[in-house]
Amino acid sequence: MSPRAGRSSGVGSGDPLPPAAAAPAIESPRPPAGPDPAPAPPAAPAPAPTPAVAAPSLPEGRRPTWDEYFIAMAELAATRSTCPRRQVGAVLVHSNRVIATGYNGAVRGAPHCSDAGCLVVDGHCVRAVHAELNAILQCAVTGVSSAGCTLVTTSFPCVACAKAAVQAGIVSVIYLSTYPDPNSAEVLRAGGVRLHRAVRDPDGAYRVRAEA
Ligand SMILES: [Zn+2]
Ligand SMILES: [Zn+2]
């Protein structure tokens with residue numbers, strides 16, 4: 001388990017049930033035995049959480065489209081990133097089902113950038129495994145085929161992830177932000193991968209447009 005796992009909400013964490021004696025009992029109301037207790041001091045307001053990256057942005061007031069649903073999942077995965085230089089989340093989807101997810105982070109057992117600092121070589125952090133590659137490698141670990149999948153990612157893949165995506169049989173990419181490496185798009189197009197840019201309109205809806 002990663003060091004960040006402790007920040008989970010605890011849903012389904014297997015916490016033991018409270019002892020039976022502590023369970024609230026249903027009692028009929030009765031008058032207090034003594035004087036009223038002193039009023040409790042007002043509780044200090046809890047500090048607002050400060051997420052590292054923006055929370056998933058689902059449209060308000062309507063059911064999200066499949067694209068918006070998976071984009072929001074990728075944005076949620078990005079919040080788990082441990083490399084402060086690039087916080088990216090990725091989801092592999094096949095037939096509207098999530099096959100794997102990934103985010104930028106160190107390899108298993110190694111310290112994360114958020115604890116040990118980034119290891120920067122030629123302007124790139126080499127400590128973190130990229131989100132897209134982590135999602136692809138999760139398929140290798142779990143024995144699930146990535147062939148025919150769509151890669152939904154919060155950032156356009158770098159050239160290394162683009163090569164991995166082609167070799168993993170990914171057929172299309174939906175991305176939010178751009179990445180300054182023209183070789184990536186060339187690799188993906190040469191591999192027959194269809195590219196789609198997702199842009200959020202002011203009304204909150206995502207427009208996913210196919211690129212030539
Ligand atoms: Zn890093
Ligand atoms: Zn990459």
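In this predicted model, Val91 touches Phe70, Met73, Ala74, Ala77, Val98, Thr101, Ala135 and Val152, leaving aside residues up to four places away in sequence. Val91 also ranks, together with Ala90, Val152 and Ala165, among the residues with the most contacts inside the largest nonpolar core, which has 38 residues. To this core, at least two residues each are supplied by H1, E1, E2, H3, E7, H4, strand E8 (172-177) and helix H5 (182-190). H1 gives the most, with 6 residues.

The surroundings of Val91 lead to strand E1, which spans residues 89-94. E1 is mostly covered, since 5 of its 6 residues are buried. Two strands pair with E1. With E2, the pairing is antiparallel and extends over 6 bridges; within it, Ala90 stands opposite Gly102. E1 and E2 form a hairpin in which 2 residues lie between the strands. One residue of that turn, Ser95, has a positive phi of about 55 degrees. With E7, the pairing is again antiparallel, here over 4 bridges, and Val93 of E1 stands opposite Thr150 in E7. In a regular strand, side chains alternate between the two faces of the sheet.

Helix H3 adds another part of the picture, and Ala135 connects the two: this residue touches Val91 and is one of the buried residues of H3. The others are Ala131, Glu132, Leu133, Asn134 and Ile136. The buried residues of H3 pack against helix H1 (66-78) and helix H4 (159-167). They also pack against four strands: E1 (89-94), E2 (97-103), E6 (128-129) and E7 (150-155).

The length of H3 can be checked against its geometry. Because a helix is expected to advance 1.5 Å a residue, the 12 residues of H3, from 131 to 142, should span 16 Å. The C-alpha atoms at its two ends are 16 Å apart, so the model agrees with that expectation. H3 is followed by Gly143, whose phi is positive, near 75 degrees.

These elements belong to a protein whose secondary structure comes to 5 helices and 10 strands. Of its 212 residues, 31% count as buried. Among contacts with a separation of 6 or more, 49% are between residues 24 or more positions apart. The contacts of Val91 with Ala135 and Val152 illustrate how E1 meets other parts of the chain.

Notes:
Residues are numbered from 1 along each chain as its sequence is written. Chains are lettered from A and ligands numbered from 1 in the order in which they are written. This is a predicted model: local features need pLDDT of at least 70, side-chain atom pairs count only at pLDDT 80 or more; totals for chains, interfaces and linings use all residues. The expected span of a helix is 1.5 Å times one less than its number of residues. A residue is buried if 20 or more other C-beta atoms lie within 10 Å of its own, exposed if 12 or fewer, and partly exposed in between; C-beta atoms are placed from the backbone. Two residues are in contact if their C-beta atoms, placed from the backbone, lie within 7 Å. Two strands pair if DSSP finds at least two bridges between them. A nonpolar core is a set of buried Ala, Val, Leu, Ile, Met, Phe, Trp, Tyr and Cys residues joined through C-beta atoms within 7 Å.
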